Amino acid sequence: MFHNITICVQISGKDVFGINYAKLNEYMQYQDNDKSILININRDISHPTVVNGLLNIGCYELNLGSFGCSLNPKELIEEWDGFDRFGISLNDLAFHLIVPDIRSYLINRLSIQSTHFIQLPPDCFLVIEFVDLLKNCENIEGIEKKIKEYTDRFKSILQKLNKRDRDYDKNIYQLKIDLASVISELFIGKILQNFKYKVKFLSNSGPDIACNGKKVEVKRRVELRSGYSGFTSKLDLATIALMQIWTLSRSSSIETAFEKQDADIVFLDLTGAISGFLTAVESGVYGFDLTIESAIEGAFGNVEQTGGAIIAFYRSQGYNVFAKVFRRDELDNGKLIDKIRDNIKKSTGTDINSEQMIKKLSKYIC
C-alpha cells in the first residue's frame with residue numbers, strides 16, 4: 001500500500017529524526033471500494049519501541065539525545081509503561097496525535113518532495129517530551145499535585161476524543177495545546193532547579209511556580225492568529241520578531257498573570273510561534289542571550305526595580321535555548337514600540353507614530 005518512503009533529517013551529520021511511512025503497513029488495514037475508504041488502525045502503533053538505538057513510534061524514529069531528552073529510549077519506555085499508575089494511558093494520548101498525520105498522508109498522497117515531512121518534531125513527540133520532563137522534575141516539591149492536575153486535564157480530553165464525534169479535530173487541537181502548556185511549565189521547572197534556588201510547583205489558579213521568593217507564571221507555546229500579512233513584507237526578521245513579542249506581551253493572559261495572579265516573572269514560550277526565528281536568533285540580530293540561564297539571572301536580579309519581567313524564550317532543535325528579558329515597564333512605556341518604529345522607517349522609509357503602531361499591532365493580540 002505504501003511506498004518505502006524514508007526521510008531522514010541530520011544535524012551536523014548526525015541522524016535526529018526519520019519517517020518511514022512503509023512501516024504503517026504493520027499497523028493498518030486499508031479498504032477502498034471506489035465510494036469510500038476504510039482505514040482500521042491498530043492502537044499498538046502508539047507504543048514506543050527501540051530500533052537501532054532510536055526511539056520508534058509509529059512511522060517515526062527519533063534520536064532522543066538530539067532532541068535534548070535526558071532519558072535514553074529504554075528508560076523512556078520504562079517511564080511510559082509505568083504511567084498507568086496515574087490512571088491514564090500515554091498510548092491513547094500518542095495514538096490521537098499520530099492518527100491525524102496518517103490521515104493527512106492518505107488524503108494528500110504525499111510525495112517525497114512534500115514539505116509536509118518537514119515538521120519537526122511530530123505531534124506525538126509532545127508525549128515523549130512530557131515523559132522526559134516529568135522524570136527530570138520528579139524531585140521538585142509539589143510535582144505530585146501537578147501530575148494530578150495534568151492527568152485530570154488529559155482524561156477530560158480523551159473522553160471527548162474517544163467519542164469520535166464531529167468535534168474530533170477540535171479536541172485534537174485542544175490536546176496539543178494542553179500538552180504544550182504542560183511541557184512549557186515542566187521545562188521551566190527543570191531549568192530553575194539547576195540554580196541554587198528553592199523551587200516549588202504551585203497548584204490551583206495562582207502562579208505556576210514559586211522560586212527564590214518570587215512567583216513565576218509560565219505561558220504555553222503560542223500560535224499567532226495572523227502572519228501580519230500585508231504589513232511585514234518589506235520588514236526584516238528582527239523587526240517582525242519584536243512586533244510579535246510586543247503583541248504577545250500585551251495579550252490578556254499576560255496581563256492577568258501580573259494583575260490577578262500576582263506574578264513577578266512571566267515566561268513566554270515562543271517555540272514554533274515565529275517563522276524564521278531560529279535562523280535570525282543564531283545570527284545575532286535579535287540580541288537574544290545565548291542561554292536562558294543568563295536571562296533568568298537578569299530577571300531575578302532586577303525584578304524588584306522593574307515591577308515585573310517577561311522572559312521570552314525559544315527552544316531550538318536539541319539543547320539550544322534562546323531567551324530575552326523584557327522589563328514590564330519597558331513594554332508598558334512604549335520603548336519597544338519606538339524601536340519597532342525606527343526599524344520600520346529604516347526598512348520601508350515609512351514613519352508611523354506610536355499611536356498608529358499600537359493600534360495596528362493590537363489587532364493581532366491573541
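Helices and strands here are DSSP runs, with at least four residues for a helix (H or I) and at least two for a strand (E), numbered from the N terminus.

**Figure 1. The whole chain, as a starting point.** Before zooming in, keep in mind that this is a predicted model. Going by those runs, the protein chain has 12 helices and 13 strands. Of its 366 residues, 51% are buried. Now look at the contacts between residues with a separation of 6 or more: 67% of them involve residues 24 or more positions apart.

**Figure 2. Helix α3 packs against helix α5.** Two packed helices are described by the angle between their axes and the distance between the axes. Here, α3 covers residues 125–136 and α5 covers residues 168–192, and they pack at an angle of about 30° with their axes 9 Å apart. Angles under 35 degrees count as roughly parallel, so that is the label for α3 and α5. Their crossing is left-handed. On the α3 side, the contact is made by L126, V127, E129, F130, L133, L134 and N136. Facing them from α5 are K176, L179, V182, I183, L186, F187 and K190. Sort the residues of this contact by type and you get 10 nonpolar, one polar and three charged.

**Figure 3. Helix α1 meets α3 at a steep angle.** What a change of angle: helix α1 (residues 73–82) and α3 cross at roughly 90°, and their axes come within 10 Å. That makes α1 and α3 roughly perpendicular to each other. From α1, the residues to look for are L76, E79 and W80. They meet V127, I128, V131, D132 and K135 in α3. This contact divides into five nonpolar residues, no polar ones and three charged ones. Spot V127 in this view; V127 also belongs to the contact of α3 with α5.

**Figure 4. R315 reaches E129.** Which strand holds R315? Look in β12, which spans residues 309–315. Is R315 buried or exposed? R315 is buried, with a relative accessible area of 15%. Its side chain is joined to that of E129 by a polar contact of 3.1 Å. You have met E129 already, as one of the α3 residues in the contact with α5.

**Figure 5. G142 and K200 come together.** Just before α4 (143–161), find G142 in the loop between α3 and α4. With a relative accessible area of 18%, G142 is buried. How many residues apart along the chain are G142 and K200? The answer is 58, yet their C-alpha atoms are separated by 5.8 Å.

**Figure 6. Two loop residues with a positive phi.** Most residues other than glycine have a negative phi. N212 is not a glycine, but it has a positive phi of about 55°. You'll find N212 in the loop between β9 (209–211) and β10 (214–219). N212 is partly exposed, at a relative accessible area of 37%. The other residue in this view is D262, also not a glycine, with a positive phi of about 60°. D262 sits in the loop between α7 (252–259) and β11 (265–269). Like N212, D262 is partly exposed. The relative accessible area of D262 is 44%.

Key
Residues numbered from 1 in each chain as written. Predicted model: local features only at pLDDT ≥ 70, side-chain atom pairs only at ≥ 80, totals over all residues. Heavy atoms only, no water. Axes fitted to C-alpha atoms, helices over the stretch in contact; angles between N-to-C directions. Parallel < 35°, antiparallel > 145°, perpendicular 65-115°, else oblique. Left-handed = near helix turned anticlockwise from the far one by under 90°. Contact = heavy atoms within 4.5 Å. Nonpolar A, V, L, I, M, F, W, Y, C, P; charged D, E, K, R; others polar. Buried < 20%, exposed > 50% of the residue type's maximum accessible area, 1.4 Å probe, protein only. Polar contact = N/O pair within 3.5 Å; in protein donor to acceptor, adjacent residues only side chain to side chain.
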